[in-house]
Amino acid sequence: MTESENSQSAAETSGRVAAADRLSPLHEEHLALGAALTSFGGWQMPLRYTSDLAEHRAVREAAGLFDLSHMGEIEVDGTQAAAALDHALVGDLTALAVGRARYTMICAEDGSVLDDLVVYRTAPERFLVVANAGNAPLVLDELVRRSQGFDAVVADRSAATALVAVQGPRAEEIVTSMATDADVQLVRDLKYYASTRAIVAGIDALVARTGYTGEDGFELFVPADRARELWQAVLAAGEPFGLVPAGLSARDSLRLEAGMPLYGHELDATTTPYEAGLGRVVKLEKVDAEGAPLDFVGRAALASRKGAQPARVLVGLRGLGRRPARAGYTVVIPGKGPDVRIGVVTSGAPSPTLGHPIAMAYVTPEFSAEGTELAVDVRGREEPVVIVLMPFYRRPRTS
């Protein structure tokens, strides 16, 4: 994720704050820290607190604290909650164990992506669906509509829920230092894409080992009226470990290095999961409780796409020069001129960790092989790039 947001990256919306934007329960904390705010997915959110580079490096080397309270939290509860989600989403949620999470998508009938989601199974008959901020109202409406006829209740918990993330190699030390003695081992033993209830900083939280940075980390779901208490506690507990608050700009560069899609860039309502290289999340062979084939919204369209050559393919680009490709720039064949277009950049920036420009782009299949040398038209000048496998960055393995 997921945890992608809307059709403009954080850097592109810098300085533009809409009067009608919603405020995070942590808004006063951001102001007190001197954050630069930006309009993002219908919310005022921190773009940065100090510098993009410092916040990015802190997450890679120590830890960063993110406010994710703009994300949508939708609860689906009932004896047929799993069946309703199997019908509504492309993933197999019946097979999801209690305490585990799954990255999935909600698609239209034509197979196009309406949003990418993370779904947590918090009890045998209860799920928490986390949607991107700009898409949360649409996801809520679709889940309500698609759950009709099932014994399942869909409820929007977004306003009552705050979400913060602690990401980075010191994240486990920070979160466990705040947990009760009884819960320390629960948190420490959490697997990737798993969750548990735990008391953190004296607050009952849903603690999930998920994230959107390419690092180890935790996301903490708490009541909105406890958000400021939790934020202050994490800042204090994390200071000896090098934790800093981090904004949307660092979040965007971190997820790009990790090759994670951003809704409105790599994913949108004109894109199917197969074009985005995410066909693995589509479970065409889902079955119901009796073992009968299970239909779901978009299944027929997606089944027809599986195995067919898409018109475009998402690839990673390593810049061979100094000037970075940006979203919307054209991918061309070197020396053929700007009129021979073979693709478009969806996200791009200098990589603080790797020291060279990186980008994601959709290109035509015949130019999508690893090692293919192409160019990006950067303001009328061809900048050389080469196709590389993603993710661009993988965190070091610990023993």
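Me: Over how many bridges do β5 and β9 pair?

Reply: This is a predicted model, with residues numbered from 1 along each chain as written. Local features need pLDDT of at least 70, side-chain atom pairs count only at pLDDT 80 or more, totals for chains, interfaces and linings use all residues, and side-chain values use heavy atoms, without hydrogens or water. Strands (DSSP runs of E, at least two residues, numbered from the N terminus) pair if DSSP finds at least two bridges between them. β5 and β9 pair in the antiparallel sense, and the number of bridges is four.

Me: Which residue of β9 is the bridge partner of V76?

Reply: Strands of a sheet pair through backbone hydrogen bonds, either parallel or antiparallel. In β9, the bridge partner of V76 is V154.

Me: Which strands stand at the edges of the sheet that holds β5 and β9?

Reply: This open sheet has five strands in the order β6-β7-β8-β5-β9, with antiparallel pairing. Two of them pair on one side only. These edge strands are β6 (101–107) and β9.

Me: What angle does helix α3 make with β8?

Reply: Helices are DSSP runs of H or I, at least four residues, numbered from the N terminus. Helix α3 (residues 81–88) packs on the sheet, touching β5, β6, β7 and β8 (contact means heavy atoms within 4.5 Å). Axes are lines fitted to C-alpha atoms, for helices over the stretch in contact, and angles run from 0 to 180 degrees between N-to-C directions. The angle between α3 and β8 is about 30°.

Me: Which residue forms a salt bridge with E75?

Reply: Side chains of opposite charge can pair when their charged atoms come close. A salt bridge is a side-chain nitrogen of Lys or Arg within 4 Å of a carboxyl oxygen of Asp or Glu. For E75, the closest N and O atoms are 3.4 Å apart, and the partner is R157.

Me: How many residues apart are E75 and R157?

Reply: E75 is in strand β5 (residues 72–77). R157 is in the loop between β9 (153–156) and β10 (161–167). The pair links distant parts of the chain, with a separation of 82 residues.

Me: Is E75 buried or exposed?

Reply: Buried means under 20% relative accessible area, exposed over 50%, and partly exposed in between (1.4 Å probe, protein chains only). R157 has 38%, so R157 is partly exposed. E75 has 19%, so E75 is buried.

Me: Why are E142 and R146 separated by about one helical turn?

Reply: Their side chains meet in a salt bridge (2.8 Å, N to O). E142 is buried at 13%, and R146 is buried at 4%. The turn follows because, in helix α4 (residues 136–146), their spacing is four residues.

Me: What span should helix α7 have at 1.5 Å a residue?

Reply: The expected span is 1.5 Å times one less than the number of residues. Helix α7 (residues 227–238) has twelve residues. Its end C-alpha atoms are 16 Å apart, which agrees with the expected 16 Å.

Me: Within what arc do the buried residues of α7 fall?

Reply: The buried residues are A227, L230, W231, V234 and G238. They line one face of the helix, as seen down its axis. The arc is that of the directions from the helix axis to the C-beta atoms. Its value is 100°.
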